[in-house]
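Biologist: I would like a close look at a single part of this model, taken slowly and with the geometry spelled out. Please keep the answer connected, so that each step leads on to the next.

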Amino acid sequence: MMCADAPAAAIHPPDDTGSVPGRWRAMSDGEQRGPRLAEAVVLGFLLSSATAFVLSRLTYFGLSWRTAGYLAAVAPVVVLQLVHSSTRGGGRALARYTLPLQALFTYLPYLYFGEIWVGLPAFLAGSVLILLRGWAAWALFALVVGSSAFFGGGYGGGTEGTWYALLCTLNISLALFGLSHLGAQVARVAATLDELAGMAVIAERLRASRHLDQAIGRGLSAIARQSATAAAARSAAETAAATAEILRLSRRALNEARTVAVAYRAPSPVPAASGDETAAHLALRLLFVLYVMYLTAGLHFLVETRAGLVEWLAAAGSVAGILLLQLRHVLLRLRGSPVRDRYRNLAGQVVLAYVPQAVPGFYWSLPLGLVAASALLLLPRRAAWTLCAILLVSGPMLASLGSRSPLQTAYGWVAGVASGTVIYGLIWLVEMAGDLRAARAELARMAVLAERLRVAGDVHDLLGYGLSAITLKTELARQLLPEAPGRAHRELVEVSRLARSSLDELRDMTEGSGDLSLVAEADSARAVLAALDIEAVVTVPSEPLPKKVDVELAAVLREAITNVVRHSAARRVVIKVTVADGVRLQVVNDGIREGPAEPSTGMGIVSMTTRVEALGGRLTAVNGPDGRFHLSAEVPGGNP
């Protein structure tokens, strides 16, 4: 419904056809399109409403100085409404200045224009609902609507003028409120797409911190205490007992680390964002109100045009039938249910839309506008636009068969655009907000999954390495204790250092701030291999590498050395890093055991492959023809 025409003595009631902006379903072009199109829906309705007001005045008063003054007076009201209806929410910050100014521009023109200004308080009433909150907003809204109805009857319109002003103000103001509110909701959700993901990652990180502290952190702390006790023990028996306890704790912690690494590769559920039902309920309530006003406006139109029985039956039956069919598929959409008989539903509406037009000498375009909205809700984009084009063209063509002037035809066309925008826009904005919330929840789910995979990889690669080294050095210390207590003491001191270092890595891991260095990791690998009597040949360039490359290749080297220690019988390991067009890390060992000729599975290989491929590189791990195991990681990027 579009109320910008005047009753008999004042302003004539509405005459509607309809068309609405095209639908936007997929989000493949980015979530930024949602807020832009939401803004376009609000802007389209506002401008088409204002244009309908102007056309109705031109229809009745023609081109005159009074009409030109009317245009100049309407302009600031519309401009201020554009500010207030912005889906970005900027209008509320200026409301204390702009709302009184809009009220001034709304009521002062009554002193000069009188009856032709009837209906313009609709924009002010919409601004009140958009900008204010609580009971004060609805009280002031009722005051504005009441004043509009009063002026509609007081300037010669009588009862018809009062009804027209009331319907017009309610229709436009509630439509502006609904579209602006839902459009702002779309903008807010789009602007906070990453917010839920960030919060979910923080929650997952805290949960991982508690889990790892219970599963591994306490064991590492106990290892650090026991190794200090063993190093300070005064008797061999005390040292042996402490060493045995360290070995038990390290094996247990190592098993816990493996269990955690496996568990954290499984996804964790992320709660969906709430708010969809609130938006849907608001849209549904507004639609019910608008439907009642459509029926009321239709009855008003029939009374004023002194329609006969045939016209009454045709027009009232047409609108009632269309609204019932439309309400049915709207309810299904808002509940997320499929509209299985959409084509029969739409075909019935099309037939009903043209029933009033079949009455000789009678033309009413409201049914066409309602069907245009249904077409855009029910059909694929191309078919929907085709049907809308037919409706838009047929409206003026049917009007030209009667006694309507070009201005009256233009007014009916523009009013239909405004009416269709409201119906379609309310449903579309609810669905868009829901789509964006679903996208936000999916981003959160993926972010949590990535965080869990990071924790799993770090537990496996970093802590697994440290705990393996602790276990190996503790076993070595126990073996050396009877014959070389001095060396055993040094190994226990190193165990204490490794336990504290692993605790630091555990804290860094759960804070997401742990950084490794390829040079430092190569030195650590040399020390670990030397402690196990494995010859290490290490060649690492001194020049710095890009930060990301340095950290990830250091993690790959750590995992590679862990695999050498755990799974091979190596006596010699070669570690070589070369920098040319890219960076190449090679780890070669001579400890091949019986097994597949080309080992390429297992959590360690998978973790290393994931890290290397994330840098755009390639990892290979093969048993070479020289009887040695070759691991090579090549990534792009040389000097930083």
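How close do the axes of H2 and H5 come, and at what angle do they cross?

Modeller: This is a predicted model, and everything that follows should be read with that in mind. The axes of H2 and H5 come within 10 Å and cross at roughly 20°. Because angles under 35 degrees count as roughly parallel, that crossing makes H2 roughly parallel to H5. In handedness, H2 passes H5 in a left-handed crossing. On the H2 side the contact is made by Val77, Gln81 and His84, while H5 contributes Phe123, Leu124, Gly126, Ser127, Ile130 and Leu131. Sorted by class, the residues of this contact of H2 with H5 divide into 5 nonpolar and 4 polar, with no charged residue among them.

A third helix, H3, belongs in the picture, since H3 has contacts with H2 and with H5 as well. The axes of H2 and H3 come within 9 Å and cross at roughly 155°, and H2 and H3 are therefore roughly antiparallel to each other, given that the cut-off for that term is an angle over 145 degrees. The crossing of H2 and H3 is left-handed. From H2 the contact draws on Pro76, Val77, Leu80, Gln81 and His84, and from H3 on Thr98, Leu99, Leu101, Gln102, Phe105 and Thr106. By class, the contact of H2 with H3 has 6 nonpolar and 5 polar residues, and no charged ones. Val77, Gln81 and His84 of H2 thus take part in the contact with H5 and are also listed for the contact with H3.

The remaining pair is H3, which covers residues 95-107, and H5, which covers residues 121-131; their axes come within 9 Å and cross at roughly 165°. That angle makes H3 roughly antiparallel to H5, and H3 passes H5 in a left-handed crossing. The residues that make this contact are Ala95, Leu99, Gln102, Ala103, Thr106 and Tyr107 of H3, together with Pro121, Phe123, Leu124, Ser127, Val128 and Leu131 of H5. Here the division by class is 9 nonpolar, 3 polar and no charged residues for the contact of H3 with H5. Leu99, Gln102 and Thr106 of H3 appear in this contact with H5 and again in the contact with H2, just as Phe123, Leu124, Ser127 and Leu131 of H5 serve the contact with H3 and the one with H2.

One residue of H2 can be followed individually. Leu82 sits in helix H2, which spans residues 65-84, and its relative accessible area of 34% means that Leu82 is partly exposed. Leaving aside neighbours within four places in sequence, Leu82 is in contact with Leu43 and Leu46. The C-alpha atoms of Leu82 and Phe123 are separated by 9.9 Å, although their positions lie 41 residues apart along the chain when counted as sequence separation. Another pair to inspect is Glu39 and Ser85, which are 46 residues apart in sequence and 8.7 Å apart in space, C-alpha to C-alpha. Glu39 lies in helix H1, residues 33-61, and is partly exposed, with a relative accessible area of 22%.

As for the setting, the protein chain has 18 helices and 5 strands, and of its 640 residues 53% count as buried. Among contacts between residues at least 6 apart in sequence, 78% join residues at least 24 apart.

Methods. Residues are numbered from 1 along each chain as its sequence is written. This is a predicted model: local features need pLDDT of at least 70, side-chain atom pairs count only at pLDDT 80 or more; totals for chains, interfaces and linings use all residues. Side-chain values use heavy atoms; hydrogens and water are left out. Axes are lines fitted to C-alpha atoms, for helices over the stretch in contact, and angles run from 0 to 180 degrees between N-to-C directions. Helices (H or I, at least four residues) and strands (E, at least two) are DSSP runs, numbered from the N terminus. Angles under 35 degrees count as roughly parallel, over 145 as roughly antiparallel, 65 to 115 as roughly perpendicular and the rest as oblique. A crossing is left-handed if the near helix is turned anticlockwise from the far one by less than a right angle, and right-handed if clockwise. Contact means heavy atoms within 4.5 Å. Ala, Val, Leu, Ile, Met, Phe, Trp, Tyr, Cys and Pro count as nonpolar, Asp, Glu, Lys and Arg as charged, and the others, Gly among them, as polar. Buried means under 20% relative accessible area, exposed over 50%, partly exposed in between (1.4 Å probe, protein chains only).
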